[in-house]
Amino acid sequence: MRQSKLFIKTRRETPSDAETKSHKLLIRGGYVKQITSGVYTYLPLGWKIVKKIINIIREEMDAIGGQEILMPSLTPASLWEESGRWEGFGDDMFRLTDRKGRRYALAPTHEEVISEIARTFVRSYKDLPQIWYQIQTKFRDEPRPRGGILRVREFIMKDSYSLDASWDGLDESYALHREAYKRIFSRCGLKFLVVKASTGVMGGKESEEFMVLSEAGEDKLAYCDNCKWAANVEVAPVVDRGERIELKYENSEMVFTPNVKTVEEVCAFLGIEPKYLVKSLIYITDEEPVMVLLRGDHEVNETKLASILKNPRMATYDEVLDLLGVEPGFVGPVGVKIRKIADNSVKYMKGFVTGANKKDHHLIGVSLDEIEDVEFYDIRSVSEGDMCPNCGESLSIRNAIEVGHIFKLGTRYSESMGVYFTDREGDQRPVIMGSYGIGPGRIMASAIELYGTENSMVWPRSISPFDVHIIDIAMDGDEIYEMLQNAGFDILWDERQESPGVKFNDADLLGIPLRVIVGKHWKEGKVEVQDLWKGESRILNKGNLINYLKENS
RNA sequence: CGGGGCGUAGCGCAGCUUGGUUAGCGCGCCUGCCUUGGGAGCAGGAGGUCCCCGGUUCAAAUCCGGGCGCCCCGACCA
């Protein structure tokens, strides 16, 4: 392709609202254009990359027996009401009404539609297993889109769904996907990790995420530099080290702490560190209100809480006042009758400070035996320096981009939506399902986060928009262009009337990893070839060019 | 949803505090000349609902009120 004909507009200046590396490069290189918050157009260059990524995904999905389908984005409310996710998705779902007043959702994911298809066509164990997939646009009304293309409200996703007759079958389908995903991300040139994750609104038994470590990532991973063990902090278990935390008080007593509410304020007021505090959080559940006790320097993990309590949510200010007669900030466990669950770390605390359940007062020197009926669980998030559950070394917390997520759904949708098959014995049994997602746009952004800067990029060969970039400084590259095209390369030929500086800077933005420069050596019939991945550059006779490129691509 | 910032030419910004010619600058764009190994030079030119609505005023990009949009941090979420 002649670059003068290619519709890309690179920019000299980075737009002021771009923050992450990938966002800046994507805009500066003319790969994408934002239309509104969290909604982007892929311009020719960006789209070419996404198409390459999608092709890799397709090949690997087909290789595990996946069959491609295309489901609609416009989906009736009734389907979502059956599964309970019309409410479950809440404000994250784009909803609309047609002229007759019927309600629809723009699908944020497709378990419900798959279930609808499966329940009409899957009748017998002989129809199973199945893997169906699609590459299609998803809509999620994110409260806050960010990072350019990293978190958006409309995005392409490859989603696949496995249907099995047995749990063993699900394990196999899941394993097939797990391996296919590893091949996909490797082929796209990413460095990634597979980590245990939370199932969230998808529901189901267990899930794993495919993560690319990056500062720009929004997920947090507990990561062990020593043994490489990693898990999403939402589910990473805390190893109970039995760390004793003790303040020397003879007896507990009440102290006057006027208007001192937060952990920081209490610490500053009393001149102690947060770890000597027990903070008390009130949660409302489907069954009862619960007091959650944590060390002052720890953070509650709501994913873990949700595995112990039914639908926990933090109580509002008024609810706390109502329940305990004291405002949040002075709440404490002593003498309180409601159910109390504490993090394991609280077991080893003595002489601690906590709220007195009286306005402007705290208790100091409290010990556990003053608190009735406490249950202990792992309910806090791991933090920097906690112990690796695998090797015992210290963990660090790293940001990561979620590029894929695989779920063992089980019967969550087949039971609620009536997806049953007849087994060998003639009995009706629910189909066992799995669901598996990949974000091609995030793969593209991740590659930039890994290999780019705000003015330059080197694309992995497999997803590069072109194979070779001819930078024609001599303005005489026709022969080379034709030669390489005839040899089967996908070429971008910069034959524009521009100064060398412009051409090289644009080339840096485009990131095509092989460059042929027709320039000052051309009068001797030589060109310069640069391999950006190897960091190599050499001057070759034009006759040797094709061989060199074939050997190096 | 809480906190912060921004909205003036395609892009990046100044002007606004203290209202007053024809609203500026850089980049980009168009024409011509020139230049060709790292965003060149000279000359000429086009391009604006100053986010929107209302108010104050002889006069509003500028002051006041309301709204909308976008970005960042947090909450939330795959």
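This report walks through a predicted model of a protein with an RNA strand, looking at the RNA surface, the largest pocket and one residue, Val331.

**Around the RNA**

Let's start with RNA strand B. There are 46 residues around this strand, and those that come nearest are Arg12, Thr36, Arg151, Val201 and Asp508. Of the atoms of RNA strand B that come within 4 Å of the protein, 54% belong to sugar and phosphate.

Which kinds of residue make up the surface near RNA strand B? It divides into 19 charged, 14 polar and 13 nonpolar residues. Strand S1 (32-36), strand S22 (396-410) and helix H13 (500-510) each provide at least two residues of this surface. H13 gives the most, with 8 residues.

You can also look at single atom pairs. The table lists three residues with an atom close to a sugar or linking oxygen of RNA strand B.

| Residue | Part of the residue | Distance to a sugar or linking oxygen of RNA strand B |
|---|---|---|
| Asp92 | polar side-chain atom | 2.8 Å |
| His405 | side-chain N or O atom | 2.8 Å |
| Ile473 | backbone N or O atom | 3.4 Å |

**The largest pocket**

Now turn to the largest pocket, which holds about 1,400 Å³ of space. Strand S2 (39-42), strand S8 (154-164), strand S11 (219-223), S22, strand S25 (432-438) and helix H11 (440-451) are the elements that give two or more residues to its lining. In total, 49 residues line the pocket, and Arg140, Glu142, Arg151, Glu402 and Arg442 lie nearest its centre.

Which element gives the largest share of this lining? That is S22, with 7 residues. By kind, the lining of the largest pocket divides into 21 nonpolar, 14 polar and 14 charged residues.

Two names may look familiar here. Arg151 is among the residues nearest RNA strand B and also among those nearest the centre of the largest pocket. S22 supplies at least two residues of the surface near the RNA as well as residues of the pocket lining.

**A look at Val331**

Finally, find Val331 in the loop between helix H9 (317-324) and strand S18 (339-343). Is Val331 buried or exposed? Val331 counts as buried because its relative accessible area is 7%, under the 20% cut-off.

What does Val331 touch, leaving aside its neighbours within four places in sequence? Its contacts are Ser280, Ile282, Met291, Val320, Leu324, Val326, Thr354, Gly355 and Asn357. Ala400 is 69 residues from Val331 along the chain, and the C-alpha atoms of the two are separated by 36 Å.

Note on methods. Residues numbered from 1 in each chain as written. Chains lettered and ligands numbered in written order. Predicted model: local features only at pLDDT ≥ 70, side-chain atom pairs only at ≥ 80, totals over all residues. Heavy atoms only, no water. Near = heavy atom within 4 Å. Polar contact = N/O pair within 3.5 Å; in protein donor to acceptor, adjacent residues only side chain to side chain. Helix = DSSP H or I, 4+ residues; strand = E, 2+ residues; numbered from the N terminus. Nonpolar A, V, L, I, M, F, W, Y, C, P; charged D, E, K, R; others polar. 1 Å grid on protein atoms, 1.4 Å probe; cavity = no way out; pocket = protein on both sides within 12 Å on 5 of 7 lines; lining within 4 Å. Points joined across faces, edges and corners; volume = space filled by probe spheres on them. Buried < 20%, exposed > 50% of the residue type's maximum accessible area, 1.4 Å probe, protein only. Contact = heavy atoms within 4.5 Å.
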